[in-house]
Amino acid sequence: MSDPIVSSAHLVSEKAAELSEYEFGLIIAGHAFSRWMQRCMGAAGHQELSPLEILVLHSCNHRDREKRLSDICFTLNVEDTHTVNYALKKLLKAELITRKKRGKEQFYKTSDQGTQLCSEYRKIREACLVDSFDAIGGFDPDEIKQLAKHLRALSGLYDQAARAATSL
């Protein structure tokens, strides 16, 4: 048996070495995904957006529905609301989203310019990423769905562990 591929060998547990491999995969996949989002958004016309700002923009565009700050944070699983609030302010300044106030609540949605940018991002995503899957023989859609399901389940375990660690 070969040694697991990990970022921190001192954290490898005899009970769950595969968890350390999973964590290393998350680290490199997370950075690759962030880099991809920024390069794709740059190609679509906005070089200056951070990965979080790009995610917030897509969240505001999702299903063409208005979102509150709390909705966006909940969907993206972001605990630090001030980082999302800052992203919203930057997107407002760039005129990529609009804001409506109802009572004490602020609601956000993509502007026409933001919707167009998301459409351009999608075109580039199709050409550069989705078409690449076909070039390597594709992936079984059911496998990808299963992987996504496992990632969501494992994220729940990490959230529970984070709460437990906070109480120590």
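Okay, let's start at the hairpin: E1 and E2 make one, with two residues between them, and in that turn Gly-103 has a positive phi of about 65°. Before I go on, keep in mind that this is a predicted model. The two strands, E1 being residues 97-102, run antiparallel and pair over six bridges. If you want a landmark on the ladder, look for Arg-99, which sits opposite Tyr-108 of E2.

Now follow E2 out of the hairpin. Between E2, residues 105-110, and H5 there's a loop, and that's where you find Ser-111. Is Ser-111 buried or exposed? It's buried, because its relative accessible area is 12%, and the cut-off for buried is under 20%. Leaving out residues up to four places away in sequence, Ser-111 touches Glu-95, Leu-96, Ile-97 and Thr-98. Its side chain also has a polar atom 3.1 Å from the backbone nitrogen of Gly-114.

That takes us into H5. Its 24 residues should span 34 Å at 1.5 Å a residue, and the end C-alpha atoms are 34 Å apart, so the two agree. There is a bend, though: about 40°, at Glu-126. Which residues of H5 are buried? Gly-114, Leu-117, Cys-118, Tyr-121 and Ile-124. As a reminder, an α-helix has 3.6 residues a turn, so residues three or four places apart point the same way. The buried residues of H5 pack against H1, H2 and E2. Just past the end of the helix, Gly-137 has a positive phi too, about 95°.

On to the core. The largest nonpolar one has 25 residues, and the ones with the most contacts inside it are Met-41, Val-56, Leu-57, Leu-88, Ile-97 and Tyr-121. Five helices, H1 through H5, each put in at least two residues. Let me pick out Leu-57. Setting aside neighbours within four places in sequence, Leu-57 contacts Met-41, Leu-91, Leu-96, Ile-97, Thr-110, Gly-114, Leu-117 and Cys-118.

Last stop, H6, residues 141-166, which is where Ala-148 sits. Ala-148 counts as partly exposed, because its relative accessibility is 28%. And how far apart are Ala-148 and Tyr-121 in space? C-alpha to C-alpha, it's 22 Å, with their positions 27 residues apart in sequence numbering.

That's my tour, thanks.

Definitions and conventions. Residues are numbered from 1 along each chain as its sequence is written. This is a predicted model: local features need pLDDT of at least 70, side-chain atom pairs count only at pLDDT 80 or more; totals for chains, interfaces and linings use all residues. Side-chain values use heavy atoms; hydrogens and water are left out. A nonpolar core is a set of buried Ala, Val, Leu, Ile, Met, Phe, Trp, Tyr and Cys residues joined through side-chain atoms within 4.5 Å. Buried means under 20% relative accessible area, exposed over 50%, partly exposed in between (1.4 Å probe, protein chains only). Helices (H or I, at least four residues) and strands (E, at least two) are DSSP runs, numbered from the N terminus. Contact means heavy atoms within 4.5 Å. A polar contact is a pair of N or O atoms within 3.5 Å; within protein, one must be able to donate a hydrogen and the other to accept it, and residues adjacent in sequence count only if both atoms are side-chain atoms. Two strands pair if DSSP finds at least two bridges between them. The expected span of a helix is 1.5 Å times one less than its number of residues. The bend at a residue is the angle between axes fitted to the seven residues ending there and the seven starting there.
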